[in-house]
Amino acid sequence: MKTVEGRAALIHALAHIELNAIDLALDVVWRFPDMPGEFYRQWLNVAKEEAHHFVLLRNHLVMLGHDYGDFPAHGALWEMAEKTKHDLLARLALVPRTLEARGLDASPPIKAKLVGAGDRRAGEILDIILRDEIGHVAVGNFWYRYLCEQRGLDPVAAYADLAGRYGAPRLRGPFNLEARRAAGFEEAELRALQGI
Ligand SMILES: [Fe+2]
Ligand SMILES: [Fe+2]
């Protein structure tokens, strides 16, 4: 965090996540048919907000003398999209409710690091993203529960099963419980997450 280069690499990693998030939201829209109209409207709005996040981060990266594509990027998000392409329930469990929700936990420490290094603009951008991401995880939670109800599944047990089958990354604390509650996780789920 002490060098502009180091901060730019971090902003680049975040921009890459947002770019993937645009594709992930749109992939849900076209891949999975027969959902209510509101489902498609909500995911299109998620895609729009992800595009806004990407632009904010990319513009900041340019301010730091870099651009998107200057650093290597990982494929973890897209790999999970591939793995879950045959089942919307698995997609919602593993992508918004696991990977995107992990972003809620990661946001405060990343913001602290960047602001601590004097990058206040990055802190402002992370605030906007966190606010919107709570909404995205809430959309994931809503439709995950909708499908669980349709299929007669218990949401907590079904999540444990899917996380095991699809190799969800092990989530480590500290968890942003406030953001997770705001995003619609229930207390039983938060207890399972914390292993209590
Ligand atoms: Fe985002
Ligand atoms: Fe998102």
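## Two iron ions and a C-terminal helix in a predicted model

Along the chain, the donors of the iron ion (ligand 2) follow the spacing E-x49-E-x32-E-x2-H. The pair Glu50 and Glu100 links distant parts of the chain: Glu50 lies in helix H2 (residues 37–63) and Glu100 in helix H4, 50 residues apart. Glu50 is buried, and Glu100 is buried as well. The model discussed here is predicted.

The protein donors of the iron ion (ligand 2) are Glu50 (OE), Glu100 (OE), Glu133 (OE), Glu133 (OE) and His136 (ND1). Glu133 therefore appears twice in this list of donor atoms, which count as donors when they are N, O or S atoms within 2.8 Å of the metal.

The iron ion (ligand 1) has its own set of donors, and these are spaced E-x31-E-x2-H-x79-E in the sequence. Here too, a pair of residues joins distant parts of the chain: Glu18 belongs to helix H1 (residues 4–31) and Glu133 to helix H5 (residues 120–151), with their positions 115 residues apart. Both Glu18 and Glu133 are buried.

The table sets out the two sites.

| Ion | Protein donors | Distance from the ion |
|---|---|---|
| iron ion (ligand 1) | Glu18 (OE), Glu50 (OE), His53 (ND1), Glu133 (OE) | 1.9 to 2.3 Å |
| iron ion (ligand 2) | Glu50 (OE), Glu100 (OE), Glu133 (OE), Glu133 (OE), His136 (ND1) | 1.9 to 2.7 Å |

What is the arrangement of the 4 donor atoms around the iron ion (ligand 1)? The angles they subtend run from 90 to 155 degrees, so the arrangement is irregular. A tetrahedral arrangement of four donors would need all angles to lie between 85 and 135 degrees.

Which residue bridges the two iron ions? Glu50 coordinates both the iron ion (ligand 1) and the iron ion (ligand 2), and the two ions are 3.6 Å apart.

The next part of the model to consider is helix H6. In helix H6 (residues 155–165), the buried residues are Ala158, Leu162 and Ala163. These residues lie on the same side of H6, because they cover an arc of only 130 degrees around the axis. Ala160 and Gly164, on the other side of H6, are exposed. Helix H4 (88–116) and H5 are among the elements that cover the buried residues of H6. After H6 comes Gly167, which has a positive phi, near 65 degrees.

Helices H4 and H5 thus take part in both topics: H4 holds Glu100, H5 holds Glu133, and both helices help to cover the buried residues of H6.

Conventions. Residues are numbered from 1 along each chain as its sequence is written. Chains are lettered from A and ligands numbered from 1 in the order in which they are written. This is a predicted model: local features need pLDDT of at least 70, side-chain atom pairs count only at pLDDT 80 or more; totals for chains, interfaces and linings use all residues. Side-chain values use heavy atoms; hydrogens and water are left out. Donors are N, O and S atoms within 2.8 Å of the metal (3.2 Å for Na, K and Ca); water is not among the atoms, so sites may look incomplete. Four donors count as tetrahedral if all angles lie between 85 and 135 degrees; four count as square planar and six as octahedral if opposite donors are over 155 degrees apart and all others between 65 and 115; anything else is irregular. Helices (H or I, at least four residues) and strands (E, at least two) are DSSP runs, numbered from the N terminus. Buried means under 20% relative accessible area, exposed over 50%, partly exposed in between (1.4 Å probe, protein chains only). The arc is that of the directions from the helix axis to the C-beta atoms. Contact means heavy atoms within 4.5 Å.
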